[in-house]
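Work through these short exercises with the model open beside you. Try each task before you read its solution.

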Amino acid sequence: MSSASISSSSRKRLAVIPGDGIGKEVIPEAVKVLKAAAAAGGREVALSEFDWGADRYLRDGVTLPADAVEMFHRDFDAILLGAMGDPRVPTNVHAADILLGLRFKLDLYVNARPCVLFDKRFTPLKDRSEKDVNFIVFRENTEGLYVQMGGNFKKGTADEIAIQEDLNTRKGVERIIRYAFDFARRRGLQRVCMSDKSNALTFGHDLWQRVFKQVRAEYAEIEASHQYIDNLLMQMVRDPSQFQVIVTSNLFGDIASDLGAQLAGGLGLAPSGNIHPGQVSLFEPVHGSAPNIAGKGVANPLGSILTVGMMFEYWGWQSEADAIDRAVRAALKEGKTPGELGGTLGTREVGDWVASSISKAGVSR
Ligand code: NAD
Ligand code: IPM
Ligand code: MN
């Protein structure tokens, strides 16, 4: 495919924040694949790298610079982030400022976390196959227990009190639930399950119940169900095939998406998007900085690679996203995998294999 005529939608500006630990190992592989897929499709991505993370914070105290949000709105189409978290920063303050800060300040209210089993060999569930694990978790991403409202009183004494508020707004709950239904409608899916803990959280999650009832009435063709979060997690293991779209609160979505990732083969395979429709959005693998394996060159880069695919899809670059999807499936099929998936390849070798497979196969429109 010729790259002679690049339309404006074929040229995107991407901010890259590798972050900490294995973020610094998997993101270069994702970028390698991004370049291969963009070139194969005649697209252009202008990359700018930012060194924000624990090293930078420990060196000069910078976490998220004051002008970052304005800059991203003005100069970028998306952000690709690795992971934030470092044992040398036990407060996790840099991760809160950078990762949660961007989610909140860019108002990225949809955290989309697909849990799709590509090959039945990779699920830990007995007698389950590709058709059984194919759902997406929509996690509310700007509210809930994550808003850092609260505080300590008499900290460090025997009388200490710690308060962490759970913030739920009608607008916030409604827009994520509506997004889940709209997604289902767009994709021709039949089922949306909302999960909360309204039997115990009788104020905040009662709001979720009431908003859910109101919104579901507008989507009569979609089967809307509800499960309490404790039951939902059990049901995900017992019979994941019942789920197509799950929508839930910030903390519950965090937990459900790690479980979902493992059902689909492992945390290292799981992609995600932090999205505000129509605005600059942030894409990252679901996993963290994995200090236990960082620096060894063994981390699975496929989650970050699939994350690039999600970002391309967000940009409307469907053929390039499909090319990435096909190459990842081929890597899994041919055993070109890292240790997490039972293979012997290192992080870089997996990235090389996927990139060259895309370059060889090209992009089909
Ligand atoms: P983690 O996701 O970093 O690791 C959990 C387990 O999964 C570890 O055993 C790790 O080795 C394994 N793992 C994760 N990603 C892998 C990959 N790509 N390939 C192979 N194995 C992989 O979670 P954790 O250990 O709870 O947290 C470590 C640090 O990361 C903490 O500081 C935490 O706050 C942070 N964290 C950051 C993010 C993020 O930036 N989005 C997400 C989760 C955790
Ligand atoms: C995630 C992570 C973050 C979260 C942490 C690092 C604050 O676990 O992206 O899933 O809880 O959102
Ligand atoms: Mn998490």
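**Exercise 1: one helix, its cover and its length**

Helix α1 is mostly covered, with 13 of its 18 residues buried (under 20% relative accessible area, with exposed over 50% and partly exposed in between; 1.4 Å probe, protein chains only). This is a predicted model: local features need pLDDT of at least 70, side-chain atom pairs count only at pLDDT 80 or more, and totals for chains, interfaces and linings use all residues. Residues are numbered from 1 along each chain as its sequence is written, chains are lettered from A and ligands numbered from 1 in the order in which they are written, and side-chain values use heavy atoms, without hydrogens and water.

Task: check the length of α1 against its residue count.

Solution.
- Take the helix as a DSSP run (H or I, at least four residues; strands are E, at least two), numbered from the N terminus.
- The expected span is 1.5 Å times one less than the number of residues.
- For the 18 residues of α1 (residues 23-40), that gives 26 Å.
- The end C-alpha atoms are 25 Å apart, so the two agree.
- Just after α1, Gly-42 has a positive phi of about 70°.

**Exercise 2: α1 against α9**

Task: classify the packing of α1 and α9.

Solution.
- Fit lines to C-alpha atoms over the stretch in contact; angles between N-to-C directions run from 0 to 180 degrees.
- The axes of α1 and α9 are 8 Å apart, at an angle of about 45°.
- Therefore α1 is oblique to α9 (under 35 degrees is roughly parallel, over 145 roughly antiparallel, 65 to 115 roughly perpendicular, the rest oblique).
- Contact means heavy atoms within 4.5 Å. Val-26, Ala-30 and Val-33 of α1 are among the residues that make it, as are Ile-305 and Phe-312 of α9.
- By class, the contact of α1 with α9 has 11 nonpolar, 1 polar and 1 charged residues (Ala, Val, Leu, Ile, Met, Phe, Trp, Tyr, Cys and Pro are nonpolar; Asp, Glu, Lys and Arg charged; the others, Gly among them, polar).

**Exercise 3: α9 against α10**

Task: do likewise for α9 and α10.

Solution.
- The axes of α9 (residues 302-315) and α10 (residues 318-333) come within 7 Å and cross at roughly 160°.
- So α9 is roughly antiparallel to α10.
- The contact includes Leu-302 and Gly-309 of α9, and Ala-321 and Leu-332 of α10.
- Its residues divide into 9 nonpolar, 2 polar and 2 charged.

**Exercise 4: a loop histidine**

Task: is His-276 buried or exposed?

Solution.
- His-276 lies in the loop between β11 (271-275) and β12 (281-285).
- Its relative accessible area is 15%, so His-276 is buried.
- Beyond its neighbours within four places in sequence, His-276 contacts residues including Asp-107, Arg-175 and Tyr-314.
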